[in-house]
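Trainee: I'd like to go through the annotated site in this one. Can you pull it up?

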Amino acid sequence: MATTLETYKQDFIEFMVRSNVLTFGDFTTKSGRKTPFFINTGRYRTGEQMNRLAGFYADAIQASGLEFDFLFGPAYKGIPLAVAVSMELSRRGTDVPFCFNRKEAKDHGEGGTLVGHKPVAGERVLIVEDVTTAGTSIRETVPVLKTAADVTVAGLVVSVNRMERGQGTLNALTELRDEFSMQTFAIVDIAEIANFLRGREVDGTVVVTDELFEKIQAYRAQYGGEA
């Protein structure tokens, strides 16, 4: 099947399928929505998987052209992501620091909620997350960063843009972009995933049949947000 997707996006989609992170069927989200697809990034569990995942994030970051001074990983899933992506960017010749937050402030030793790089006023931060559905964790994260120093939140990168409505009619990533005046982007979005996998075999199995593709389209028609 012909596709115009960048190679790293194609490879990432197949990587998610093989890692059993991206699955299809009948699921119920935390918000109670019935969905034909599910993304569980908690199934990345080996060093090799994290190496490859960091590579895909780095591909997307470099493709975005975004300029930033440090990475931030929101607790908890963002922590290993920020560390791994920082290591991968270093391997590619761009050495950037990282930091992450504790869920509860430490009341002894150096104290505080942030671990790693200490933000400095005027620095630009790129937040690294797994999947953003409603944007709740980001709205909790930005005040933490702003309290630490008067930084500029330059961007947010996630692995998959589900393209679902946030608090209004816009999809969550677009809503966050407008709310915080930052660049938001994903390695891939659900439209790219569905179009790429429709009728395509991965390890001998067609992952997205025409019937499943139509279910995804129907779900997006019901819950999708404007770009």
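Mentor: Below we go through the annotated residues one by one.
Mentor: This is a predicted model: local features need pLDDT of at least 70, side-chain atom pairs count only at pLDDT 80 or more, and totals for chains, interfaces and linings use all residues. Residues are numbered from 1 along each chain as its sequence is written, and side-chain values use heavy atoms, with hydrogens and water left out.

Trainee: Where does UniProt put the "binding site" feature?

Mentor: An unreviewed UniProt entry places it at Thr-133 and Arg-162. UniProt annotations may be inferred rather than shown by experiment; positions are in the numbering used here and feature names are shortened.

Trainee: How far apart are their C-alpha atoms?

Mentor: No more than 6.6 Å, although the residues span 30 positions in sequence, so they gather at one spot.

Trainee: Thr-133 first. Where is it, and is it buried or exposed?

Mentor: Thr-133 is in the loop between strand 7 (131–132) and helix 4 (136–148); helices (H or I, at least four residues) and strands (E, at least two) are DSSP runs numbered from the N terminus. Thr-133 is partly exposed, at 34% relative accessible area; buried means under 20%, exposed over 50%, partly exposed in between (1.4 Å probe, protein chains only).

Trainee: And Arg-162, buried or exposed?

Mentor: Arg-162 is buried, at 7% relative accessibility. Its loop runs between strand 8 (152–161) and helix 5 (172–180).

Trainee: What does the Arg-162 side chain make a polar contact with?

Mentor: The side chain of Glu-164, at 2.6 Å. A polar contact is a pair of N or O atoms within 3.5 Å; within protein, one must be able to donate a hydrogen and the other to accept it, and residues adjacent in sequence count only if both atoms are side-chain atoms.
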